Amino acid sequence: MESEKVMIRLRMSSGDAHYGGNLVDGAKMLALFGDVATELLIRNDGDEGLFVAYTDVEFKAPVYAGDYIEAEGYIYEAGNSSRKMKFEARKVVEARTDISASAADFLEEPIVVTRAEGVCVVPKDSQRK
């Protein structure tokens with residue numbers, strides 16, 4: 001069982017930067033995956049469900065304020081109440097502060113920044129589909 005994919009795209013702001021050099025905390029990518037998981041569960045079950053565990057997380061490349069990230073995920077296995085999901089976050093626009101404060105490049109080939117797998121649960125009495 002593989003669900004349709006859900007994707008969100010947003011710009012990392014200076015408020016997302018957590019470290020020197022405007023580096024964004026990897027936890028921000030996990031928060032995006034949480035939003036993708038919520039939409040997947042609503043589409044699949046009519047309920048937000050609960051994210052119970054990440055079973056694998058890989059941080060592959062840095063993310064900086066000004067970068068545009070798209071986060072995508074899908075359900076690859078469904079049990080009675082559990083939903084196993086895979087996620088990937090890609091940088092599609094890269095800030096170019098080395099050129100100017102507002103310069104950026106659209107990336108013809110997106111850069112994978114984070115991959116993860118996780119498990120969500122939708123209690124049987126909350127499933128509406």
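# A walk through one helix and seven strands

Of the 129 residues in the protein chain, 33% count as buried, where buried means under 20% relative accessible area, exposed means over 50%, and partly exposed is in between (1.4 Å probe, protein chains only). Before going further, keep in mind that this is a predicted model, in which local features need pLDDT of at least 70, side-chain atom pairs count only at pLDDT 80 or more, and totals for chains, interfaces and linings use all residues. Residues are numbered from 1 along each chain as its sequence is written, and side-chain values use heavy atoms, with hydrogens and water left out.

Let's start with the overall layout. The protein chain has one helix and seven strands; here helices (H or I, at least four residues) and strands (E, at least two) are DSSP runs, numbered from the N terminus. Reading from the N terminus, you'll meet them in the order β-β-β-α-β-β-β-β. Along the principal axes, the C-alpha atoms of the protein chain fill a box of roughly 55 × 25 × 20 Å. Now take the contacts, meaning heavy atoms within 4.5 Å. Among contacts in the protein chain with a separation of 6 or more, 70% come from residues 24 or more positions apart.

How do the strands line up? Two strands pair if DSSP finds at least two bridges between them. S5 and S6 run antiparallel and are joined by ten bridges, and a hairpin of three residues connects S5 to S6. Along this pairing, Ala71 has Ala89 in S6 as its bridge partner, while Ala78 stands opposite Arg83 in S6. On we go to S6 and S7, which pair in the antiparallel sense over 13 bridges; there, Ala95 has Ala104 in S7 as its bridge partner. S1 joins in too: six bridges link S1 to S5, and these two run antiparallel. Ile8 finds its bridge partner in S5, and that partner is Ala71.

Next, look inside. A nonpolar core is a set of buried Ala, Val, Leu, Ile, Met, Phe, Trp, Tyr and Cys residues joined through side-chain atoms within 4.5 Å. The largest one here has 21 residues, and those with the most contacts inside it are Met12, Met29, Val63, Ile69, Met85 and Phe87. The elements giving two or more residues to this core are H1, strand S5 (68-78), S6 and S7. H1 gives the most, with seven residues. Pick out Met29 and you'll see who surrounds it: leaving aside neighbours within four places in sequence, Met29 is in contact with Met12, Val24, Val63, Ile69, Ala89, Val113 and Thr114.

Now for the aromatic rings. A pair of aromatic rings is described by the distance of the centres and the angle of the planes. Rings of Phe, Tyr and Trp (its six-membered ring) pair if their centres lie within 6.5 Å; planes under 30 degrees apart count as stacked, over 60 as edge-to-face and the rest as tilted. The structure holds three aromatic pairs. One of them is Phe33 with Phe87, a stacked pair at 5.0 Å centre to centre and 20 degrees between the planes. Phe33 lies in helix H1 (residues 27-45) and Phe87 in strand S6 (residues 82-95), so this pair ties together parts that are 54 residues apart in sequence. Phe33 is buried, at 0% relative accessibility, and Phe87 is buried at 4%. Phe51 and Tyr54 have ring centres 4.5 Å apart and planes at 35 degrees, so that pair is tilted. Phe51 is partly exposed at 28%, and Tyr54 is partly exposed at 30%. Together, Phe33, Phe51, Tyr54 and Phe87 form one aromatic cluster.

Another ring has a charge over it, which means that NZ of Lys or CZ of Arg is within 6 Å of the ring centre and within 35 degrees of the ring normal. The ring belongs to Tyr76, and Lys86 lies over its face at 4.9 Å from the ring centre. Lys86 also leads us to Val119: the two are 33 residues apart in sequence and 9.0 Å apart in space, C-alpha to C-alpha. Val119 lies in strand S7 (residues 104-121) and is buried at 16% relative accessibility. Not counting residues up to four places away in sequence, Val119 touches Leu50, Phe51, Val52, Ala53, Thr55, Ser82, Arg83 and Lys84.

Last stop: Asp16, in the loop between strand S1 (6-11) and strand S2 (17-19). Its side chain is joined to that of Lys28 by a polar contact of 3.4 Å.

Notes
A polar contact is a pair of N or O atoms within 3.5 Å; within protein, one must be able to donate a hydrogen and the other to accept it, and residues adjacent in sequence count only if both atoms are side-chain atoms.
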